[in-house]
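Please walk me through how the helices and the nonpolar core of this model can be read.

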Amino acid sequence: MTANAVCPRPDAKARLTALGLQLPKPPAAVGNFAAAVRDGRLLYLSGQGPVHAGGVHTGKVGAEVSLEEAYQHARLTTLNLLSVIEEAAGLSKVCKVVKVLGMVNAAPDFIAHPAVINGCSDLLIEVFGPEVGAHARSAVGMGSLPYQITVEIEMIVALED
């Protein structure tokens with residue numbers, strides 16, 4: 001997007017409401033780092049996991065956690081990321097989801113990492129629409145993730161000037 005380009009501004013909050021979703025309180029950092037760092041128009045989001053009111057989802061995807069459950073965990077993680085964006089800059093300021101890195105705590109023989117991280121990508125398209133929500137992405141398997149969470153996702157978004 002050039003400096004003079006118009007930033008598309010979908011009403012992400014209204015879309016969340018229409019989906020029957022609410023933004024949770026942003027999860028607290030579990031280390032000495034910022035949940036989001038802005039550099040110019042880019043907002044870099046630290047990795048988030050499937051934190052919910054009752055705790056956190058844990059386990060190996062493809063062993064004790066199903067693909068379908070992990071997909072939902074990726075959606076929940078994305079809600080946590082959206083709450084960080086809302087707190088850091090406001091969802092209404094997002095012009096483009098630029099990049100998503102999705103990590104799956106996978107059993108050694110699990111091969112459907114992209115299908116898990118589709119939970120994130122699908123929600124981003126639902127919330128922002130394809131013009132803003134379509135993004136570059138990596139979906140990879142890990143031998144473990146912090147505290148044995150099922151997924152961790154980090155994101156980069158472009159904000160309006």
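**Helix length, packing and core**

Q: What span should the 22 residues of α2 have, and how far apart are its end C-alpha atoms?

A: The expected span is 1.5 Å times one less than the number of residues, and helices (H or I, at least four residues) and strands (E, at least two) are DSSP runs numbered from the N terminus. For α2 this gives 32 Å, and because its end C-alpha atoms lie 31 Å apart, the two agree. After α2 comes Gly-90, with a positive phi near 100°. This is a predicted model, in which local features need pLDDT of at least 70 and side-chain atom pairs count only at pLDDT 80 or more, while totals for chains, interfaces and linings use all residues. Residues are numbered from 1 along each chain as its sequence is written, and side-chain values use heavy atoms, with hydrogens and water left out.

Q: At what angle do α2 and α3 pack?

A: With axes fitted to C-alpha atoms over the stretch in contact, and angles running from 0 to 180 degrees between N-to-C directions, α2 and α3 pack at about 45°, their axes 7 Å apart. They are therefore oblique, that is, outside the ranges under 35, over 145 and 65 to 115 degrees. The contact (heavy atoms within 4.5 Å) includes Leu-79 and Leu-82 of α2 and Leu-124 and Phe-128 of α3.

Q: Which residues touch the most other members of the largest nonpolar core?

A: Such a core joins buried Ala, Val, Leu, Ile, Met, Phe, Trp, Tyr and Cys residues through side-chain atoms within 4.5 Å, buried meaning under 20% relative accessible area with a 1.4 Å probe, protein chains only. Among its 34 residues, they are Leu-82 and Phe-128, and α3 gives the most, with eight residues.

Conventions: Buried < 20%, exposed > 50% of the residue type's maximum accessible area, 1.4 Å probe, protein only.
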